[in-house]
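User: Could you walk me through the core of this protein and the strands around it?

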Amino acid sequence: MSVGVEEEEAPPLLVATGDENIEPGSEVNDLPIVKVPITIITGYLGAGKTTLMNYILTERHGKKIAVILNEFGDSVDIEKSLTISKDGQQVEEWLELANGCICCSVKDSGVAAIESLMERRGAFDYILLETTGLADPGNIAPLFWVDEGLGSTIYLDGIVTLVDAKNILKSLDEGPPSVTPDDHKYGDGEHKGPELTTAHLQISHADVVVINKSDLVTEDELERVRERIQAINGLAKLHVTVRSQVPQLESVLLDLHAYDSVGASELEFASRGHSHLDPTISTVTLPIPVLEVEKLEALDAWLRAVLWESTLPLATSSETAVTSPKFEIHRLKGRMQLTNGSVKLLQGVREVFELLDEADSSRGAGGYRMPVDGKIVLIGRGLEEEVFKESVRSAVG
Ligand SMILES: Nc1nc2c(ncn2[C@@H]2O[C@H](COP(=O)(O)OP(=O)(O)OP(=O)(O)O)[C@@H](O)[C@H]2O)c(=O)[nH]1
């Protein structure tokens, strides 16, 4: 992505005043800052990303949308440049997203660059970050999934992956000749199993998969594509399109809230077992009993062992043994019911995870909700469902 210099004067930061009388520049520090959602749009070469971006820009209904590209595009409609202010000067800066990695020198400034752009250009209603065809979205997502406490003005809304209905199965089975697992942090060669391709990574991290170019396949072929994608990622919502024309923008591409809410129905859907159609990546569901509050610490420790140390604590009859099966987790979500009536949500991408309170879990106080068992859904490689179930069961009792 290139960073150009803009001459216009910096407008004030947009704040959620709710009060039309507040003048720009007045004391607004105590007011909450409007957080701008960012969606990462990824997809294999030629899947239809540019077509999708242009479609969004024609359908945006007045929304101010910034589209950030990691490579030069040729559409004049698309905002291609970021303005970065450094030490009081406007400078040109590059954010390299080649092969899915924002290069180390600017890694910390991914969020800062966008915030700086908003300071100069006025806040956007929405930001779309389009990655290169070879990007691994799992490397990029954590950069924008910022801790609430850090007070960022943007938040990660979700990851949308476009696939080409005609070619996706071939890409999953063969991978492109130029991409080897060594190109990925997560394809480190330790796995001797079926190849992990870029297409796998883009699907396994997706919150939404748009199956585009459906006009080029038969109904049967489309069904096979659908089944294969659901087997890889049972959590993602699927949309079938021609020329990337999704039925609507809201909740299909925008305002996904994929990193802050976890619905019981989406976990239920993921657990309906489309598994093992793909030899490389699968979705597994772990039942979690209604938990005492004190057990949350044990669950947290289990997640740390699995995600941070890639070890799976296994209980033997007398003591706890730790083994290190070869597995890797790309995305996880969960919902745990506690005996006190509240609900804990789990969100994770790669080694980053968060256990958060469900916003309306106090609802239980007014009207009693039958405690239902919770679930954790994992998407990744080398996940042996029964072994994982046994491990988490012994961890939380
Ligand atoms: N038949 C058909 N062609 C499509 C469809 N969507 C896009 N195309 C065409 O496919 C080609 C690639 O589409 P793009 O939108 O440029 O795809 P992209 O993902 O941006 O591709 P890169 O720029 O290579 O990353 C273009 O010629 C589009 O017109 C579709 O649904 N059906």
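Here are a few questions and answers on the core and on one strand.

Analyst: Happy to help! This is a predicted model, where local features need pLDDT of at least 70, side-chain atom pairs count only at pLDDT 80 or more, and totals for chains, interfaces and linings use all residues. Residues are numbered from 1 along each chain as its sequence is written.

User: Which strand gives the most residues to the largest nonpolar core?

Analyst: A nonpolar core is a set of buried Ala, Val, Leu, Ile, Met, Phe, Trp, Tyr and Cys residues joined through C-beta atoms within 7 Å. The largest one has 76 residues, and Val163 and Val208 are among those touching the most other members. With six residues, the top contributor is strand S6 (residues 154-164; strands are DSSP E runs of at least two, numbered from the N terminus).

User: Where does this core lie relative to domain 1 and domain 2?

Analyst: Domain bounds come from an automatic or database domain assignment. Since domain 1 (36-260) and domain 2 (281-396) both supply residues, the core lies between them.

User: How many residues of strand S7 are buried?

Analyst: Buried means that 20 or more other C-beta atoms, placed from the backbone, lie within 10 Å of a residue's own. Val208, Val210 and Asn212 point one way from S7, Val209 and Ile211 the other way, and all are buried. S7 (residues 208-212) is therefore largely enclosed by the rest of the structure, and its buried count is five of the five.

User: Which residue is the bridge partner of Val160 in S7?

Analyst: Strands pair if DSSP finds at least two bridges between them. S6 and S7 are paired in the parallel sense, with five bridges. Across from Val160, the partner in S7 is Val208.

Technical notes:
A residue is buried if 20 or more other C-beta atoms lie within 10 Å of its own, exposed if 12 or fewer, and partly exposed in between; C-beta atoms are placed from the backbone. Helices (H or I, at least four residues) and strands (E, at least two) are DSSP runs, numbered from the N terminus.
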